[in-house]
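Let's take a walk through this structure together. Keep the picture open as you read, and turn it whenever a new spot comes up.

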Amino acid sequence: MTILYGIKNCDTMKRARTWLDGHKVAYQFHDYKAEGIDKPTLEAWARKVGWEVLLNRAGTTFRTLPDADKEALTEKKAIALMLAQPSMIKRPVLEAKGKLTVGFKPEDYKKLFG
């Protein structure tokens, strides 16, 4: 099963969904802002791609955090931040064919789905 994780109104998410739909890739969408995300899932993702890849430091939510929350980040602290505010998870996260892809690059999707 292919699962696309993200936030419904995100522009990058819209591009990913358009690509998947245009290439007739069946997928389930999980809106982690509306439905949440659990700690075991985030920890598994962090093991696969690294918490640094998952944490969206460029987003408004992260940038508006107090400096104390942004300093001395560890995996444990980053996962806690992402659990508390899922919009800090980089988007989209795609689980497909036993792989985990973070962010949207059409060439990566093309490699994965052919």
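Two residues are in contact when they have heavy atoms within 4.5 Å. Among the contacts in this chain with a separation of 6 or more, 59% come from residues 24 or more positions apart. Before going on, a word on what you're looking at: this is a predicted model, where local features need pLDDT of at least 70 and side-chain atom pairs count only at pLDDT 80 or more, while totals for chains, interfaces and linings use all residues. Residues are numbered from 1 along each chain as its sequence is written, and side-chain values use heavy atoms, with hydrogens and water left out.

Let's begin with the overall layout. The chain has 7 helices and 4 strands, where helices (H or I, at least four residues) and strands (E, at least two) are DSSP runs numbered from the N terminus. Read from the N terminus, the order is β-α-β-α-α-α-α-α-β-β-α. The radius of gyration is 14 Å, close to the 13 Å that the globule rule gives for 114 residues, so the chain is as compact as a globular protein of that length. That radius is taken over C-alpha atoms, and the rule itself is 2.2 Å times the number of residues to the power 0.38. Along the principal axes, the C-alpha atoms fill a box of roughly 45 × 25 × 25 Å.

Now for inside and outside. Buried means under 20% relative accessible area, exposed means over 50%, and partly exposed is in between (1.4 Å probe, protein chains only). By that yardstick, 44% of the 114 residues are buried. The accessible surface of the chain is about 6600 Å², and carbon and sulfur atoms hold 50% of that; such areas come from the Shrake-Rupley method with a 1.4 Å probe, and for residues only the protein chains shown count as cover.

Which residues touch the most other members of the largest nonpolar core? A nonpolar core is a set of buried Ala, Val, Leu, Ile, Met, Phe, Trp, Tyr and Cys residues joined through side-chain atoms within 4.5 Å. In the largest one, with 37 residues, the answer is Trp45 and Met82. Elements giving two or more residues to this core include strand S1 (3-6), helix H1 (11-22), helix H2 (39-49), helix H6 (75-84) and strand S4 (99-102). Look up Trp45 and, beyond its neighbours within four places in sequence, you'll find it in contact with Tyr5, Ile37, Gly50, Leu54, Ile89, Val93, Glu95 and Leu100.

Next, go to the start of the chain. Threonine 2 sits in the segment before S1 and is buried, at a relative accessible area of 12%. Leaving out residues up to four places away in sequence, threonine 2 touches Ala26, Tyr27, Gln28, Leu94, Glu95, Ala96 and Phe113. A little further on, leucine 4 belongs to strand S1, and leucine 4 is buried with 0% relative accessibility. With the same sequence neighbours left out, its partners include Met13, Leu20, Phe29, His30, Pro92 and Tyr109. Leucine 4 and leucine 100 are 96 residues apart along the chain, yet their C-alpha atoms are separated by 10 Å.

Over in helix H6 you'll find isoleucine 79, which is buried at 4% relative accessible area. Isoleucine 79 touches Lys39, Leu42, Glu43 and Ala46, again not counting residues up to four places away in sequence. From isoleucine 79 to leucine 4 is 19 Å, C-alpha to C-alpha, with their positions 75 residues apart in sequence.

Proline 92 is in the loop between H6 and S3, and a cis peptide bond joins arginine 91 to proline 92, with omega at about -15°. Among the contacts of threonine 101 are Pro92, Val93 and Tyr109, beyond four places in sequence. Threonine 101 lies in strand S4 and is buried at 16% relative accessibility.

Finally, look at two lysines in loops. Lysine 24 is in the loop between H1 and strand S2 (28-31), and lysine 97 is in the loop between S3 and S4. Phi of lysine 24 is near 55°, a positive value in a residue other than glycine, and phi of lysine 97 is also near 55°. Buried or exposed, lysine 24 and lysine 97? Lysine 24 is exposed at 74% relative accessibility, and lysine 97 is exposed at 57%.
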